[in-house]
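Me: I am new to this structure and would like to learn how to read it. Could you take me through some of its features, one by one?

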Amino acid sequence: MSETKAGNIAQWSGLSRREALKLGFGAGVALTVFGLEARIVLADEGQVLKVANPAFNQDWSPLRGGGVPYRWNSAWWASPMYFDAEGKIHPYVFTSWEGSADNRTWTFKIDPKAVFSDGSKITAEDVKGSWNVAAMPNTKSQRADQVLGKVAGYADVGSGAAKDIAGIATPDEATVVVTLSEPDPIFFMRLANHIAPITKASQSRGEDGEEVADWYLPDNGAVYSGPFRLTSIDIDAGKLVFEPNENFFGPKPKLARIEITSIEDNVTATSLLKSGEFNAHTELVTSTIVQDLGAEFAAGPLIPTSQHFWFNAARAPMDDPKVRQALILAVDRDGLMKASFPDGPHKKADQVINSVPGAENSGFEPYPYDPEAAKTLLAESRYGGPERLPKLMFVGISSPANEAAAQFIAEQWRQNLGISAVDMKPQQDAYAGPDQNAVQIFRDDVGTRVPDAVSYLAGSIASTSSNAQNKMGGYKNDKVDALLAEAATKAADDPQRVALAQEAQKLFREDYAFIPWYAQAMSRWASANVKGMEKNLDWQVVAPWDIAIG
């Protein structure tokens, strides 16, 4: 270390120049300052992941089950199991799982080596407490129901009628027994994610059963179950620092530090990544990502998530099936992909599902591009043509790629159908008004956190799904629902499980309720010199302990 660098560190840290030089021998020394606080961080030279985050998030609790901070849950929290980038399940806190003959009772065993960052054991009571607090309505988890919804008693906690999920038992400190309200052959797969991560329940949950405010902050003495621990956070500045958890029960982390800094502007973030000042991004969605930052930055496997434009059939003119069909057939979907992601990394989608068993050879016939048929259908509708159509409004147009896609669709409708009254809004919750101004088209993703076609469709086209209820105006097809309900009773390896799901998707096609857009590649969002940034079907870095620079 140079005398100058040692002098600077000494000035900020209060160490003598000689002490700073001594610390620098054989290791890189980095200085991190938040406000007036300064500290020395011992680090392997260069092993710092510098992440640009697209939002100034005010809440980093790992119990929200979604949002931008969720992308980093795997860095500091352990989950029961996890999926790798190829969709293979791996043990983590749970080393084994076994279902009863009727798939209503599941028994899980905890790794005896599993400990928190303070060295205390991860127990069955910690797992139970973590799940209970995630289920509480005031916790406002976005997706706890996707993990725990079928556990007996979950609905009572979710409604506020109870504080503990009745179907979770802890016969000893290393065993968790879960009783379901209905058989679920793939329940174990639902736990392989970080939606409801394992926390120290005595810290995260108060005596009243509610989540303790800011329990996860280092200043509150929080302990962590993942490979890294949060050491600094400045919400107003949008900066967080994570360092290795010395007591992590898995592989030793290769990084010395993860620094997350909020940068909301995509252009600025791209420039900083190009210059090398940052080497990773949480979620960069631009049409020119490959041209700007290279194919490797955006590369990644296709995951069971797809983006589409969903029709709200409860709003005029989408309540006329011929209008919906006309709007679909008037769009060149090859051109749609060229307009939004000309160089990838995503792939054109023809159907709802992707990257799950049954996506290939599903029997779903892609919607054709047929402007002449579209004109005929619109003329045959009760509106008779474009002049009498109410204004068409898109929402969810919140990124450059989303905007490019929506504008392409609108231009296709103008050219092929003579429709010119189209409006676009970025936020999905910022709409109101009578039918003339209400939303007819929602841009949103659907997918699954398990590699299963039934779960994929149950969360997107079943009448009970949020997508059907809130985006598609209460869409309901009794035959689709019946097929998916029957499929859900079949074992994961039963061919009928896939066949019934495929049949349900083919029936959904005939309702003409969406414009398929793309199947999502889970991009690395990291520079070429960053290794180990592969993500899984749940947007999580698979093995954060393996991330390395160089």
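Reply: Gladly! Two strands pair if DSSP finds at least two bridges between them. Helices (H or I, at least four residues) and strands (E, at least two) are DSSP runs, numbered from the N terminus. This is a predicted model, where local features need pLDDT of at least 70, side-chain atom pairs count only at pLDDT 80 or more, and totals for chains, interfaces and linings use all residues. Residues are numbered from 1 along each chain as its sequence is written, and side-chain values use heavy atoms, with hydrogens and water left out.

Me: How many bridges join strand β14 to strand β19?

Reply: Strands of a sheet pair through backbone hydrogen bonds, either parallel or antiparallel. Here six bridges link β14 (residues 302–311) with β19 (residues 514–521), and the two run antiparallel. Within this pairing, His-308 stands opposite Pro-516 of β19.

Me: What is the order of the strands in the open sheet?

Reply: The six strands follow the order β15-β19-β14-β18-β16-β17, with mixed pairing. At the edges are β15 (347–348) and β17 (422–425), each paired on one side only. Helix α13 (residues 333–340) packs on the sheet and touches β15 and β19; contact means heavy atoms within 4.5 Å.

Me: At what angle do helix α12 and helix α14 pack?

Reply: Two packed helices are described by the angle between their axes and the distance between the axes. Axes are lines fitted to C-alpha atoms, for helices over the stretch in contact, and angles run from 0 to 180 degrees between N-to-C directions. For α12 (residues 321–329) and α14 (residues 371–380), the angle is about 160° and the axes are 8 Å apart. The two helices are therefore roughly antiparallel to each other (under 35 degrees is roughly parallel, over 145 roughly antiparallel, 65 to 115 roughly perpendicular, the rest oblique). Residues making the contact include Val-323 and Leu-329 of α12, and Ala-374 and Leu-377 of α14.

Me: Which residue comes after Ala-316 across a cis peptide bond?

Reply: That is Pro-317, with omega about 5°; Pro-317 sits in the loop between β14 and α12. Another cis bond runs from Gly-344 to Pro-345, with omega near 10°, and Pro-345 belongs to the loop between α13 and β15.

Me: Is Ser-355 buried or exposed?

Reply: Buried means under 20% relative accessible area, exposed over 50%, and partly exposed in between (1.4 Å probe, protein chains only). Ser-355 has 31% relative accessibility, so it counts as partly exposed. Ser-355 also has a positive phi of about 60°, although it is not a glycine.
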